[in-house]
Every structure is written in structure tokens, then in C-alpha cells.
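User: I would like to learn how to read pockets and sheets in a model. Please take me through them one feature at a time.

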Amino acid sequence: MPTDLPADDRLPKALLDAIGQRGGTRSFPANAILINEGDSTDSLYIVLSGRVKAYSSADNGREIILSEHGPGEYLGELSIDGERRSVSVKTLEPTSCCVVQGSELKQFLAEQPDFALHLTLKLIRMVRRLTEQVKSLALQDVYGRVVRVLTDMSEADGTQRVVRQKLTQQDIADRVGSSREMVNRIMKELTVGGYVSVRDDKQLVICKKLPAAW
């Protein structure tokens, strides 16, 4: 049993190499659907390059983004219980994945206790994250949820904070479970107030502490 617990969802290189031998590499263009909600497939997808999002959508086309995954991270592991897929997964940019069939995944779990531990801790983090999302949707207004997304996705850069990932207002709306029009109103007010700005490279900058309420 390893003494150092994994700090994030990325697989250590040794485990990545080992499980990679159980699957094949596939390349996908941007906006390709890897998993459809309700599917009965059981493959595990390990992101080698690019980025994907896990999301759920309604019949009217509205989406809510549940998580994003980059190189070294994996998704689709919930299928090991034999149930249908609970979310959809789409590429955000050209992406390469190692695709491991469900039968190979189960055998790898049995043979590799380090991977079993990594998967367990990943699922714990996922439950904690989704719990926070549910609390946010239930207890915060749209402005509070927007602030939470901007804060969580930004990093310190001198006296400011910068969201490195380029976000459209629709991207933000999909993360907070709101309309793009509402997000547009909030972002416009924050811009006019000098709280946020957009660089020439389209990166969003939080210029000063965001107001507690809007």
C-alpha cells in the first residue's frame, strides 16, 4: 500500500503506463461525443492530450457542466457497476485518449491495488465536489455561483487573479445552471465596476475582490 496518497485525479506515470498496455489509443476532433448519457457502454477513457467535459443536458438543449478533465485524468469508471452512463462526455479540443474496455479495467483493478486506491480517492473527491455543487445550486443565487466559479478557476497573478482557461459567458452559464443572459448582466456590471476585465489574449482578469452580493 503506497504511503503517499494521490493529491489529484491524474494518474502517476507508472500506473498510466501499466493501464495503457490494456487499451488502445484513439484520437478525436473537437466537439466529439465520447459518451452519451444513458449509454450501456463500459469503456474507461484516459486523457493523453487535449481536454474533455462531463455534462448533463435537458431535452431543450440546456447543459450543466459537471467537470472537466485533462492529460493524465480518466473518466467513465462508474460503468464498472454495470449501470448505464450517468453523464455525457465531449471533447473541448482535439483530444487523444487511451480507451480501456470494461473487462480489462476490472482485471486491472484486481491486479493493481495502487490503482484501486487512486480510484477510491478520486471518487471521494468527486462526491465532495458534487456535494458542493448541489449546495451552491440550492443555497446561492446566480451571482454567488458565478463568483464561486471565477474564484475556483482563477489563480493568483501579482495583485490580481487570472482565469487561464478561456471562458465564454455561455461556458460560465453552463457551470452555474443559469441562462447566458443572466451571466451577461452580471459580467457587464462587474466590468463597469472595475472588478473584472478581459486581456487581449481573452483571459479573464479579476482586478479586485468581488463584491459579496450583487
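**Pockets and a sheet**

Analyst: The second largest pocket holds about 420 Å³ of space. It is lined by 24 residues, with A54, L78, S86, V87 and M126 closest to its centre. Keep in mind that this is a predicted model.

User: How is such empty space found in general?

Analyst: Rolling a probe the size of a water molecule over the atoms shows where empty space is left.

User: Which element gives the most to the lining of the second largest pocket?

Analyst: That is α3, with five residues. At least two lining residues each come from β5, β6 (74-75) and α3.

User: How do the residues of that lining divide into nonpolar, polar and charged?

Analyst: In the second largest pocket, eleven lining residues are nonpolar, five are polar and eight are charged.

User: What volume does the largest pocket have?

Analyst: Its volume is about 640 Å³. The lining of the largest pocket has 21 residues, and S67, R129, Q133, M153 and R175 lie nearest the centre.

User: Which elements each supply at least two residues of the lining of the largest pocket?

Analyst: They are β5 (63-69), α3 (113-139), α4 and α5 (169-176). The largest share is that of β5, with six residues. By character, the lining of the largest pocket has seven nonpolar, five polar and nine charged residues.

User: Now the sheet. What holds strands together in general?

Analyst: Strands of a sheet pair through backbone hydrogen bonds, either parallel or antiparallel. Here, four strands make an open sheet with antiparallel pairing, and their order is β9-β10-β12-β11.

User: Which are the edge strands?

Analyst: β9 (154-157) and β11 (196-198) are the edge strands, each pairing on one side only. On average, neighbouring strands of this sheet are turned by 30° against each other, direction ignored.

User: How many bridges join β9 and β10?

Analyst: Four bridges join β9 to β10 (residues 160-163), in the antiparallel sense. Within this part of the sheet, D157 is opposite Q160 of β10.

User: Which strands does helix α4 touch where it packs on the sheet?

Analyst: Helix α4 (residues 142-153) touches β9, β10 and β12 (204-206). The direction of α4 makes about 55° with that of β9. Helix α4 also takes part in the lining of the largest pocket, supplying at least two residues.

Key. Residues are numbered from 1 along each chain as its sequence is written. This is a predicted model: local features need pLDDT of at least 70, side-chain atom pairs count only at pLDDT 80 or more; totals for chains, interfaces and linings use all residues. Side-chain values use heavy atoms; hydrogens and water are left out. Two strands pair if DSSP finds at least two bridges between them. Axes are lines fitted to C-alpha atoms, for helices over the stretch in contact, and angles run from 0 to 180 degrees between N-to-C directions. Contact means heavy atoms within 4.5 Å. On a 1 Å grid over the protein atoms alone, a cavity is a set of points where a 1.4 Å probe fits but cannot get out, and a pocket is an open set with protein on both sides within 12 Å along at least five of seven lines; lining residues have an atom within 4 Å of a point. Grid points are joined across faces, edges and corners, and a volume is the space filled by probe spheres set on the points. Ala, Val, Leu, Ile, Met, Phe, Trp, Tyr, Cys and Pro count as nonpolar, Asp, Glu, Lys and Arg as charged, and the others, Gly among them, as polar.
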